[in-house]
Amino acid sequence: MTGFNVMREGWRTAAAGLFVAVAAAITLGGSPAEGVSKGSRWRAEYFPNVPLVTQDGEVVHFYDDLIKDKVVAINFMFTSCNDVCPAETARLKQVQRELGDRVGQDVFMYSISIDPENDTPEVLKRYSEKFKVGPGWLFLTGKAEDIALLQRKLGLFIADLPDPDDHNVNLIVGNEATGRWMKRSPFDDPKVLAEVIGSWLHNWKVPNKSLAGKYEKAPSFPRLSRGEYLFRTRCVSCHALGSDGPLGPDLLGVTEERDPVWLARWLKEPDQMLAEKDSIALELFARYDELPMPNLSLNDVDVAALIDYLASASRDVDSENTSAGP
Amino acid sequence: MSVAQTPEPPKFDSPTGASPSPLFGATPFTQQMFRFEEFGAQPYEPSECTTCGPMPAAPDCQSGPSGDALDHYLDEPMSPPPTVMANEDLPNAWHTRIEQCVRPLATSAIEGRPGGENFAHQRYEEFFPSMYFKTITAGARINGGVRDEYQRHGYAKGEFGPNGLYYNTIGTEGFDGTTAKIPVKFHPLMPEQDPLAFWTFDGTFPPKLLMARYGHPILFRHYNALPIDPGANYGFGLHTITTHEHNGHNPAESDGYTQSFFFPGQYFDYHWPMILAGHDHINIDASDPRAATIDDNGNVRRIRGDWRETMSTHWFHDHMLDFTAPNVYKGQVAMMNYYSAVDRGNEAIDCHYADPENPNNMNLCFPSGSASAWGNRDYDVNLMVSDKAWDQDGQLFFNIFNLDGFLGDRMTVNYQYKPYLEVRARRYRFRILNASVSRYFKIALIDQNGNRVPHHMIANDGNVMEHAVPFPNAESADLPTQAIAERYDIIVDFSQFQPGDKLYMVNLLEHRDGRRPKEAIPLPEVVLNQYCDGPPDFAAADACDTVVGRFLEFRVVAYTGVDTSMNPADYVEGKKKMIPLPSFTAEELANAKHRSFTFGRSSGTDTSPWTIKTDGGQGFGMDPARLSAAPDEGTAEIWHIKNASGSAHPVHIHFEEGQILKRNGKPPPIWEKWARKDVYRIGPMPDSGDSVEVALRFREFLGTYMEHCHNTTHEDHAMLLRWDIEKPGQLKIMPTPMPTWEGVGYLDTYTLPTYKTGDVDEDDDGVTDDLDNCREYINPNQRDTDGDGYGNWCDPDYDNNGIVNFGDFNRFVRAWGSANPDIDLNDDGIINFGDFVVFAHYFYRPPGPGAKQ
């Protein structure tokens with residue numbers, strides 16, 4: 001770098017710094033600007049400022065535009081993933097719903113593709129539309145080595161991976177300014193995740209809203225069967241019982257409607273069935289905007305439990321409806 | 001804008017993510033090692049202090065109160081007094097400042113313990129506090145000497161008195177009999193630690209020690225004076241904390257559950273009953289002379305419980321959800337010595353070796369001292385060993401983005417870079433704790449010529465063993481691999497050496513990264529400086545693991561006293577016993593519930609975050625609202641700990657000590673055979689292996705505990721699970737606390753399906769008993785047509801009137817030969833004699849049995 005560049009750089013940084021400090025002072029109502037930690041080394045000098053492209057074709061830089069001074073949730077995925085990523089995206093969509101229009105204002109969600117060759121901005125746009133993703137959540141692509149670098153920097157890269165499709169199914173959430181980063185699972189309870197991203201990471205500047213309250217009001221909770229547990233953590237992001245789900249069909253009565261052998265296989269390896277051009281699979285795929293049913297790696301016991309749950313839950317909903325009267 | 005190149009990962013990722021830690025001219029063995037400074041617990045008298053106030057307020061959002069203000073507050077009695085349920089009546093002591101830094105608060109609480117009954121002190125009246133101590137977790141500051149007067153030795157007795165080796169606290173002028181003015185520095189030539197870079201109990205050096213006695217319950221009042229701004233942390237660590245006493249038999253609300261953390265400005269009262277495990281079940285009339293404690297006059301007082309569960313060497317440290325590694329690394333570590341009539345820190349009274357048959361001679365008389373009736377530390381030394389790293393300014397450094405394991409590149413003992421300790425030419429006891437983030441040690445003891453010096457191990461994980469184990473022995477030349485949080489107590493006899501001789505502790509275990517150890521370097525290679533043990537500022541910093549090598553020097557000094565401590569050679573296998581192992585009867589083992597926990601990267605593959613797979617289910621990371629296991633109080637279980645990754649995991653189970661039944665399917669080695677442990681190593685080292693079977697009991701207390709990998713980086717991301725002890729038949733599940741600035745709210749808890757019954761499957765049909773709707777027949781498809789909870793195989797009660805009788809028989813007959821799935825009892829598609837057999841079995845009986853609740 002020449003001396004001139006350095007000086008320009010210095011002025012720009014100083015001006016930016018001043019602006020941030022003033023902005024922070026204004027937004028925080030005059031209280032001392034928080035978070036720029038002495039000795040913090042997890043800021044501009046740590047994160048690469050690689051260029052990425054959003055689903056709308058806009059070029060953005062990772063550090064300057066996406067994370068600097070922001071509270072963020074970042075996960076890595078790819079659109080042709082037919083196992084867990086669709087469930088992950090659907091789950092994150094629940095988190096987005098909890099956070100409402102804060103996403104894009106003081107909380108930012110980013111899904112970065114690890115298959116940039118195939119995941120062009122158009123493909124990502126289509127993917128985000130399939131999931132009916134709300135505004136403020138960006139789907140990003142870029143150069144493969146840049147994205148690999150980001151994964152490494154965020155601690156989400158596993159060396160010596162034999163299968164390139166395997167990736168770290170994970171979410172990292174953080175407050176860049178205070179240097180607080182936590183690795184979470186997208187299968188965490190969406191209410192808890194929304195609490196972590198929306199409240200905790202802001203040092204609770206935003207009051208929490210989804211707590212049950214004091215001890216006296218703490219709910220006592222019935223035991224969950226294995227099937228119900230799976231339903232609540234895996235299915236509920238896309239499906240519902242008694243109405244159309246946010247992204248997939250209503251499951252009320254599905255155990256009656258579908259042939260049991262077909263249903264059991266569908267829960268176990270829907271991607272395989274779609275590849276084999278099973279007629280029901282194709283019909284569902286077309287009907288639901290080409291959003292595939294994900295392969296959730298369930299074993300036989302899980303599938304049996306889930307089917308039993310769906311059957312009994314359907315009966316419960318039915319009897320509720322009938323007892324409610326015509 | 002140029003794209004950064006992906007750097008070549010270094011051959012040795014130590015320190016993880018940074019350049020070598022500069023030494024500022026420090027050389028090995030040039031500073032005197034700290035002896036731990038006692039908290040100095042005092043007798044507890046309930047009282048209201050009319051002149052006391054809340055903790056002094058923080059001056060601003062990025063710092064805590066001044067050292068003087070903190071010291072003054074430490075000296076005052078507790079105010080407000082401890083309460084059984086959390087004190088939510090008064091506001092957070094820093095309420096006003098928090099409102100300025102964060103936002104207006106509708107409410108706040110002075111105590112951070114969750115409110116209500118769930119986190120009330122269990123059995124508080126029964127175990128009413130006898131002793132108490134206060135500490136304030138704060139940023140690094142100069143010691144004001146406020147604890148000088150609380151040291152048991154009073155800087156007047158034995159080696160801590162004016163002619164003793166440990167009278168001067170750091171080995172330079174002006175520090176006789178006081179710790180005042182000791183700065184927080186890893187070496188005198190290194191810079192002082194910034195208050196944001198190092199956080200510890202009181203904020204001061206030397207590191208702190210709690211000396212606790214059985215039968216004297218403790219009330220520990222822990223204040224948080226860390227900065228309100230979470231970014232004021234020098235790049236790592238979180239200002240909300242929770243303290244876990246490893247491995248106390250403590251009630252759950254005082255066990256430091258990872259989700260019940262507290263905030264700056266608050267305090268959290270921990271109640272440690274100091275009872276023997278088995279208190280409610282064994283020796284309940286307190287008649288066993290060996291289950292006893294001691295008072296200051298040397299009188300023995302008997303207590304209830306199983307004396308064979310006596311514990312000795314513990315530590316306590318932060319356990320904050322997702323931030324345990326940086327917080328513990330940042331200084332939130334203290335040690336705790338448990339004293340009892342059997343291990344009382346006195347080597348002269350009631351010694352067992354003098355008259356082993358006499359029940360009054362229960363004192364094992366380990367090397368300690370004799371000036372006081374108990375708790376002499378003259379020859380009983382705590383060693384906290386850990387690897388650290390610092391930046392080019394000498395400030396503590398931690399890599400928050402490494403999720404495999406963090407390695408430091410400089411070895412410290414008691415927070416000091418390679419110190420020396422003067423020792424008398426007699427026996428010593430060393431309580432060695434591995435307090436690293438991710439590093440394992442293999443410690444050898446050598447003389448100045450590089451020859452191994454024999455020694456004995458007397459306690460494993462802080463529990464005195466049935467027999468002492470000599471080293472070297474047939475199974476190992478040196479102490480076993482020591483994982484994070486494992487404690488080994490050893491006895492070394494310096495009497496065969498001359499004044500002026502030097503001995504060394506040497507670490508042999510090389511790491512390339514924080515996932516697991518690589519291999520033990522042969523001792524001659526290390527000792528002859530062929531490995532890495534050269535001058536500190538060697539040029540090829542990336543060519544070796546700088547934490548392999550000598551790290552502690554002992555300088556032998558003449559001893560003119562009489563060593564009356566026990567000789568461990570008289571207690572090895574085949575000779576006298578120290579503390580016999582509490583046995584599990586064959587019946588208990590046969591009836592024990594089994595649970596299995598597999599540690600790896602999600603469901604046993606190497607592709608996802610660190611997880612624990614419970615009972616064969618999905619692999620999970622930590623979710624504090626998820627309850628993974630719930631043994632019933634008063635029962636015994638067998639837990640199978642398995643490794644499904646190529647990495648190493650020291651698995652720690654809270655609350656109870658366990659006995660290893662098998663390691664890798666075979667009997668355990670001699671140092672585990674005689675031991676009770678609480679950290680179970682799985683991993684690639686030869687003395688570790690991939691599976692451990694542990695027998696455990698669950699007694700006295702109910703509530704939430706944890707099991708986790710103690711490589712704290714793994715723990716944070718997130719190899720940690722919650723298990724609860726429940727009353728048999730308990731229906732209400734403990735809600736999950738969610739602490740905030742405004743107080744603690746509660747979240748719903750949900751459970752894993754196998755949490756109640758483990759992975760028992762009576763009929764072996766692949767469906768565990770807690771879910772199996774027909775427990776006596778093999779029905780993997782669990783078909784239950786009428787949805788009454790009884791699988792078809794167990795349910796010929798077609799009319800659902802609770803009994804199988806003629807009404808049902810009619811239906812059965814009418815369906816004969818058909819394929820009616822609701823009548824088909826054996827699910828083979830036709831109603832015929834196969835079903836008749838089942839029907840007959842149930843005639844005039846109720847349906848079932850269904851799932852075991």
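# Notebook: cysteines, a sheet and a helix pair

I started with Glu309(B), which counts as buried because its relative accessibility is 6%, well inside the cut-off of under 20%. This is a predicted model, so everything I note below is read off predicted coordinates.

**Entry 1, Glu309(B).** I looked up where this residue sits: Glu309(B) is in the loop between β10 (300–302) and β11 (313–318) of chain B. Then I asked which residues Glu309(B) touches, not counting those up to four places away in sequence. The list came back as Tyr214(B), Leu276(B), Ala277(B), Pro582(B), Glu657(B), Arg676(B) and Arg699(B). Two arginines, Arg676(B) and Arg699(B), are on that list, and so is another glutamate, Glu657(B).

**Entry 2, chain B overall.** I wanted some background for that buried glutamate. Chain B has 853 residues, and 68% of them count as buried. I get nine helices and 39 strands for the chain. I also checked contacts between residues at least 6 apart in sequence: in chain B, 74% of these join residues at least 24 apart.

**Entry 3, disulfides.** How many disulfides does the structure hold over all chains? I find three. As a reminder to myself, a disulfide is a covalent bond between the sulfur atoms of two cysteines. I went through them one at a time.

- Cys49(B) and Cys52(B) are joined with an S to S distance of 2.0 Å. The torsion about their S-S bond is about 75 degrees, so I logged this disulfide as right-handed. Both Cys49(B) and Cys52(B) are buried.
- Cys61(B) pairs with Cys101(B), with the sulfur atoms 1.9 Å apart. Here the S-S torsion is about -90 degrees, so the Cys61(B) and Cys101(B) disulfide is left-handed. Cys61(B) lies in the loop between β2 (42–43) and α1 (67–75) of chain B, while Cys101(B) is in helix α2 (residues 95–101), so the bond ties together parts that are 40 residues apart in sequence. Cys61(B) is buried at 5% relative accessibility, and Cys101(B) is buried with a relative accessible area of 5%.
- Cys351(B) and Cys365(B) form a disulfide with S to S at 1.9 Å. Both cysteines are in the loop between β12 (333–339) and β13 (380–388) of chain B, 14 residues apart. I get a torsion of about -90 degrees about the S-S bond of Cys351(B) and Cys365(B), which means a left-handed disulfide. Cys351(B) has a relative accessible area of 6% and is buried; Cys365(B) is buried too, at 0%.

**Entry 4, two cysteines in chain A.** Why is Cys235(A) not in a bond with its closest cysteine sulfur? That sulfur belongs to Cys238(A) and is 8.8 Å away, which is too far for a bond; the cut-off I use is within 2.5 Å. Looking from the other side, the closest cysteine sulfur to Cys238(A) is the one in Cys235(A), at 8.8 Å. I also checked burial: Cys235(A) counts as buried at 11% relative accessibility, and Cys238(A) does at 14%.

**Entry 5, a five-stranded sheet.** Next I traced a sheet in chain B. Its five strands run in the order β1-β5-β12-β11-β7, the sheet is open and the pairing is mixed. Which strands are at the edges? They are β1 (37–38) and β7 (243–246) of chain B, each pairing on one side only. Inside the sheet I looked at β5 (residues 208–213) against β12(B): these two run parallel and five bridges join them. For a register check I noted that Leu209(B) stands opposite Met335(B) in β12(B).

**Entry 6, helices α8 and α9.** Last, I looked at helix α8 (residues 806–814) and helix α9 (residues 833–842) of chain B. Their axes come within 12 Å and cross at roughly 180 degrees. That angle makes α8(B) roughly antiparallel to α9(B), since anything over 145 degrees falls in that class. From α8(B), the contact residues are Asp808(B), Phe809(B) and Phe812(B). They meet Asp835(B), Phe836(B) and Phe839(B) in α9(B). What is the make-up of this contact? I count four nonpolar residues, no polar ones and two charged.

Definitions and conventions. Residues numbered from 1 in each chain as written. Chains lettered and ligands numbered in written order. Predicted model: local features only at pLDDT ≥ 70, side-chain atom pairs only at ≥ 80, totals over all residues. Heavy atoms only, no water. Buried < 20%, exposed > 50% of the residue type's maximum accessible area, 1.4 Å probe, protein only. Helix = DSSP H or I, 4+ residues; strand = E, 2+ residues; numbered from the N terminus. Pairing = 2+ DSSP bridges. Axes fitted to C-alpha atoms, helices over the stretch in contact; angles between N-to-C directions. Parallel < 35°, antiparallel > 145°, perpendicular 65-115°, else oblique. Contact = heavy atoms within 4.5 Å. Nonpolar A, V, L, I, M, F, W, Y, C, P; charged D, E, K, R; others polar.
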